[in-house]
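Work through the exercises below with the model open beside you. Each task is followed by a solution in steps.

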Amino acid sequence: MATHGDQFVRDPGAPGPQGTEQGPRASGVGRHERSNLMKEKLRIWFVCCAVVLHPAMAHAQQVVTVGEYDFPPFSDATEGSTSLTHDLIAAMNAFQKKYIFKSVHTSSKRRFSHFDEKKYDLIFFESIGWGWQGKDIEASKVIMRGGAVYISRAAKDKDQRYFADLKGKTIWGILGYHYGFANYNADPEFLAKNFNAHLINSQEGLIDAAVKGRADVSVVTKEYLQIALYKRPELHEQILVSDILDAANQYTILVRKGIKPDVTEINKLLTEMEDAGIFNKIWGKYGLK
């Protein structure tokens with residue numbers, strides 16, 4: 001410390017009161033800290049402004065899970081294949097930005113337990129009468145009408161009367177599906193005991209079983225058969241198709257109660273998409289109406 005007359009002159013490099021450091025180096029550090037603090041305040045201010053000006057940034061799109069099992073042409077588990085469910089999910093995601101609909105794999109038999117376990121909240125091209133009674137679920141408006149038909153190996157002495165009585169005939173169907181001839185009871189033991197039913201996992205297999213005579217009668221989804229006849233025109237000569245339906249189906253979207261979107265919101269979205277002609281474009285891709 002130096003003195004000048006009766007005044008003390010502090011060395012610029014000497015410690016200040018309470019151990020603080022004085023002089024050019026200390027003041028430089030203070031300015032640096034204040035600068036960083038100001039930059040941080042500005043950054044927070046800009047983020048807040050961005051959220052206010054763009055509310056979507058504050059609310060991410062909600063993911064809505066859609067159960068999907070092998071049910072061609074509505075859903076096809078074959079690798080690389082497309083389906084009505086895939087196309088409808090893509091169209092719904094493109095049409096609105098509030099939700100992201102996402103497919104979750106299940107099976108025809110386990111779709112009920114998977115729903116109870118909350119592995120998904122919606123399921124497309126389904127009917128509430130297919131074993132959903134009593135569950136916490138609601139049906140949307142009908143999005144397509146169709147059904148299931150009987151087919152059998154073609155023969156000269158075989159006509160529509162062949163389908164009038166199924167008693168004593170071997171009937172092939174899909175495991176987990178609900179059929180009209182069995183009053184929609186899908187229990188495999190019940191079907192085997194009462195209707196001599198053989199259950200497999202492929203509608204293509206049902207057609208082949210009928211063509212080769214392994215099945216007296218196969219029950220095939222009308223929409224799938226329509227596509228198969230287009231792809232395999234020789235089937236027109238190989239099988240007899242019933243004029244009567246095993247069941248007339250009204251396909252809907254089943255929605256878990258208490259979620260968003262609820263069934264009212266789903267119906268509104270479906271109506272808007274239908275009015276925009278989106279359904280016709282999707283159905284037309286598969287030759288359906």
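**Exercise 1.** Sort the lining of the second largest pocket by class: how many residues are nonpolar, polar and charged?

*Solution.* This is a predicted model. Start with the list: the lining consists of Y69, D70, H105, T106, S107, S108, K109, I174, L175, Y177 and N201. Next, pick out the charged residues, where Asp and Lys belong to the charged class; D70 and K109 are in the list. Tyr, Ile and Leu count as nonpolar, and the list holds Y69, I174, L175 and Y177. The result is four nonpolar, five polar and two charged residues. The space in this pocket is about 160 Å³.

**Exercise 2.** State which helix gives the largest share of the lining of the largest pocket.

*Solution.* The largest pocket holds about 450 Å³ of space, and 21 residues line it. Two or more lining residues come from each of helix 5 (203-211) and helix 6 (222-231). Helix 6 has the largest share, with six residues. Nearest the centre of the pocket lie P73, D76, Y224, I227 and K231. By class, the lining has seven nonpolar, eight polar and six charged residues.

**Exercise 3.** Find which residues touch the most other members of the largest nonpolar core.

*Solution.* The core has 73 residues, and F101, L122 and F125 touch the most other members. Strand 11 (residues 239-256) gives the most to this core, namely six residues. Now take F101 and leave out residues up to four places away in sequence: its contacts include V64, V66, I89, M92, L122 and I266. N93 and Q96 are also among the residues that F101 touches.

Conventions:
Residues numbered from 1 in each chain as written. Predicted model: local features only at pLDDT ≥ 70, side-chain atom pairs only at ≥ 80, totals over all residues. Heavy atoms only, no water. 1 Å grid on protein atoms, 1.4 Å probe; cavity = no way out; pocket = protein on both sides within 12 Å on 5 of 7 lines; lining within 4 Å. Points joined across faces, edges and corners; volume = space filled by probe spheres on them. Helix = DSSP H or I, 4+ residues; strand = E, 2+ residues; numbered from the N terminus. Core = buried A, V, L, I, M, F, W, Y, C linked by side-chain atoms within 4.5 Å. Buried < 20%, exposed > 50% of the residue type's maximum accessible area, 1.4 Å probe, protein only. Contact = heavy atoms within 4.5 Å.
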